[in-house]
Amino acid sequence: MQSTLFLTRRYLFGALAGVLAAASFGLSALAADFYEGKTITVIVGVSAGSGGDVSARTFMTGLAKHIPGQPKIIVRNMEGAGGAVALNFTYEKADPDGLIFYYGNWDPMAVLAGGEGIRFVPEEFGVIGSAANERGAVVRNDAGLEKPSDIAKVKGLRVGGRASSNTNDLIGNLALTILGVDYRYIPGFKSMGKMAPGILSGELQSGHTATGGFSRFFTETTAEGETMMLFYHPFFDDNGHVFEPERSPFYDGLPSVAELYKQIHGTVPSGIEWETYKWLRTNVHATSPAMVAPPGSSKDLIEMLQTAYQATWADPELRERWLAQFGQFPHVSSTSATVSAFQNYRSITEEQLTVVKKMVALGL
């Protein structure tokens, strides 16, 4: 982890760069045509062709239309360390000139739990927006499963992953732990695009995926019975109760983590691990992937992009394209909810953070 002095210097440098950039732009930086004729680069921390990459590119096609001036948007893949390489780059090296952004998981628990190679500070990013894709765990059926609850009978389930501090893997592994699954976590895969061949060949047996990865790699194999989803991650209401969707994500009849726990154990989940899961799902998982700007970026440009971000998800054309490609529409967070998550993630309790550190240690 960085020293306080380094963080302070980094923040001040970014803020100063933003002020100088705004001054050099003059009034044009605040005008609606600032982006006219320009190209925006969006950094994603996964490999090309992965589910996260495809969903990012789909969204950026829609976003370009809603940014005043309609700039060209290109996606640059910068894989590695479960997304930390891309986040570190955006935090440390990206110019705060309104032309480079990050899109993906923002992994705040990696910061708190001391994940390897973490140098970014989430609350110093300029927050644009977030929308949570449906997520769950996929498993190859040669693990001996006929239904999701049979996972309780499997010994040493080989679960592939990116990094134990990665948001998807962290909450996915915590769900497996809560369910009482006997599993072995194998990190180091840069994306589901790298994991899928291992799952389909039997080298691995399971992995944590979102709708992008599922639709790209497992729709057909699930229809043919070669793979199946174990569960989906539910959302929670303001009272901490499971929010019941009109239909199960991924496909009808798939249980949530809470439902699968009851099928296996005959009761509802409880305890510190379950409370930590609910906290993470509500405060972190529900705001991933997020789009952020480097520290010191112009506040006026960020506000412009926040408006464009929300307008993009509300666009019927994007919705139709998204549903045709991925099957389910994401849960779009309000701008205020996303900003709040970035500013308040350190409010996790010591007991919950202990659980998080235990999960992160799986990959060390």
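Trainee: Helices (H or I, at least four residues) and strands (E, at least two) are DSSP runs numbered from the N terminus; which strands flank the loop that holds aspartate 150?

Mentor: The loop lies between strand S5 (135-140) and strand S6 (157-160). This is a predicted model, in which local features need pLDDT of at least 70 and side-chain atom pairs pLDDT 80 or more, while totals for chains, interfaces and linings use all residues. Residues are numbered from 1 along each chain as its sequence is written, and side-chain values use heavy atoms, without hydrogens or water.

Trainee: Is aspartate 150 buried or exposed?

Mentor: Aspartate 150 is buried (under 20% relative accessible area, 1.4 Å probe, protein chains only), at 5%. In sequence, 113 residues separate aspartate 150 from glutamine 263, yet their C-alpha atoms are 9.8 Å apart in space.

Trainee: Back to the strands: what is their order in the open sheet?

Mentor: The five strands run S7-S6-S8-S5-S9, with mixed pairing; two strands pair if DSSP finds at least two bridges between them. Strand S7 (183-186) and strand S9 (227-232) form the edges, each pairing on one side only.

Trainee: And how many bridges join S5 and S8?

Mentor: Five bridges, with S5 and strand S8 (residues 206-210) antiparallel. Opposite valine 138 stands glycine 207 in S8.

Trainee: Changing topic, how far apart are the axes of helices H2 and H11?

Mentor: The axes of helix H2 (residues 51-66) and helix H11 (residues 299-313) are 8 Å apart. Phe59, Gly62, Leu63 and His66 of H2 make the contact with Ala308, Tyr309, Ala311, Thr312 and Trp313 of H11, contact being heavy atoms within 4.5 Å.

Key. Axes are lines fitted to C-alpha atoms, for helices over the stretch in contact, and angles run from 0 to 180 degrees between N-to-C directions. Buried means under 20% relative accessible area, exposed over 50%, partly exposed in between (1.4 Å probe, protein chains only).
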